[in-house]
Amino acid sequence: MSSIIKLPLFEKTSASARPNEKGRAKADFRPNPFVVGEENYVLCSAAYEVLGNFPKSFSMVFHAPFGFGKTHLVEGLFVAWLAQNPDCEGKFASAADFAKAWAAAQRSQTTKEFLDKYKNIDMFVLEDLHEIVKNTAAQEQLVTMMDQFAQRGVKLIFSSAQSPTLLPLLPKLTSRLKEGICIPILEPSVDARQEILLLEKHASRVAFSPDATSALAELSAKTQMTIFDMLNAQKQLDFQRKTAAQDIVTFASVKKFFTEKSQRSNVSIADIAKIVAKYYKVRLADIRSRSRRATLVTTRGIVYYLARRLTNATLQEIGEYFGGRDHTTILHGCTQIEMLVKNDESVRQSLEHLTSELRPISNPPAPDDRPASRKGKKGGETD
């Protein structure tokens, strides 16, 4: 029996798939399963409490670095819950949007209208909690609302890049979050990775041999690729197949892809900054400056983001390269780029290009170490 579980989540089928407004269940939902291996069975149990229409109020925080599916999970749970509860209402917001909306309401003296939007909801999902670490006013308001939600039995779900205990939040907000359940999304196993690759929404768009899929799952796990990166690799390999006029991506193609990447030297923060500066045609000195010009803020954030993904540098070390910036500044910059990756195709393509130029993948297996066949075993998602 396979150890893989597919959580029966949903997504909206409309062009605007992100459930960012209160919504009653409609017929525009389609299945969007979330793959869970043994390493994430605790997560699975918590998700089934939500899907099982757990009668009492609860608070859950799902946390993981970018690329392991927390957005997929919390959005999918929200939409699936709405589909199961057509007479209920829910609210889904990113922490950044929540903070901006609260600040705007205070400026315009429309706080009552802001709060009215949350008055009758049965579920509240706040995505990317780490985005408000520097916004004390938003944290204060969230604490007040959480107390009110608890009295009304509202179900609360949060996502975060880190455990709330590691974020520099207000102590009283951390305390309330700790009263709920904090669940990490752990790195998927080889079997889970293969099942992700075999999901229809991914496999139907590419042409891979079974051995090639197994190889990509195993080598992506060995080199600690995020799921986001693994799926990008799947797309890149299929693009190479089309360019070479081949019928199918083979085991040899996957091995060559990883071998070529492994031959690149390890990159440093300085290497990343230089290549990003060249790509965006800006001066390296300007990227490292204190300028708040919009183009430089975005470009600088891309360096932060790539440094976090492609090096072992800490937030503090990245901050030091940029003149001693605070670690929360680096984290905030990374978060902004994560949002652009989700919503801006041009940024996503640029990052895929830069990543393919920079990503160091070390210690691939020897060319003749063929991954074991996984026929009959499922393996093959998630952000």
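Start by selecting strand β5 and colouring its two sides separately: S59, V61 and H63 sit on one side, M60 and F62 on the other, and all of them are buried, so to speak, under cover on both faces. Before you go further, keep in mind that this is a predicted model. With 5 of the 5 residues of β5 buried, the strand is largely enclosed by the rest of the structure.

**The sheet around β5**

Now bring in the neighbours. Show the open sheet of 5 strands, which reads β6-β7-β8-β5-β9 in order, with parallel pairing. At the edges you'll find β6 (90-94) and β9 (181-184); each has a single partner strand, so one side of each has no neighbour in the sheet. On average, neighbouring strands here are turned by 15 degrees against each other, ignoring direction. As a reminder, strands of a sheet pair through backbone hydrogen bonds, in either a parallel or an antiparallel way.

Which strands should you check next to β5? On one flank, β5 pairs with β8 in the parallel sense over 5 bridges. Pick F62 and you'll see S159 of β8 standing opposite. Then go to β9, which runs parallel to β5 (residues 59-63) and is joined to it by 4 bridges. Two spots to label there: V61 has C182 as its bridge partner in β9, and H63 stands opposite P184.

Leave the sheet on screen and add helix α1, residues 41-51. It lies across β5, β7 (123-127), β8 (155-160) and β9, and runs at about 140 degrees to β5.

**Two stops on the way: α2 and S214**

Next, select α2, residues 70-84. Its 15 residues should span 21 Å at 1.5 Å a residue, and the end C-alpha atoms are indeed 21 Å apart. Switch on a surface and the helix is mostly covered, with 13 of its 15 residues buried.

Then jump to S214, which is found in helix α9 (residues 210-222). Buried or exposed? S214 counts as buried, at 4% relative accessibility. Try a distance label from S214 to Q194: they are 20 residues apart along the chain, yet their C-alpha atoms are separated by 6.4 Å.

**Helix α12 and its packing face**

Now move to α12, residues 269-280. This helix has 12 residues and reaches 16 Å from its first C-alpha to its last, close to the 16 Å expected. Highlight I269, I272, A273, V276 and A277, the buried residues of α12. Rotate until you look down the axis: those buried residues fall within an arc of 130 degrees, so they line one face of the helix. What do they pack against? Show α13 (284-287), α14 (294-310), α15 (315-321) and α17 (345-358). Just after α12 comes K281, with a positive phi near 60 degrees.

For a view from the other side of that packing, click T299, which is placed in helix α14. T299 counts as buried, with 4% relative accessibility. Leaving out residues up to four places away in sequence, T299 touches V276, Y280, V282 and I287. Add Y279 as well: 20 residues from T299 along the chain, its C-alpha is 9.7 Å from that of T299.

**Zooming out**

Finish with the whole chain in view. There are 17 helices and 9 strands, and 51% of the 383 residues count as buried. If you compute the accessible surface, expect about 18000 Å², of which 51% belongs to carbon and sulfur atoms.

Conventions:
Residues numbered from 1 in each chain as written. Predicted model: local features only at pLDDT ≥ 70, side-chain atom pairs only at ≥ 80, totals over all residues. Heavy atoms only, no water. Expected span 1.5 Å × (residues − 1). Buried < 20%, exposed > 50% of the residue type's maximum accessible area, 1.4 Å probe, protein only. Arc of directions from axis to C-beta. Contact = heavy atoms within 4.5 Å. Pairing = 2+ DSSP bridges. Axes fitted to C-alpha atoms, helices over the stretch in contact; angles between N-to-C directions. Areas by Shrake-Rupley, 256 points an atom, 1.4 Å probe, with all protein chains shown as cover.
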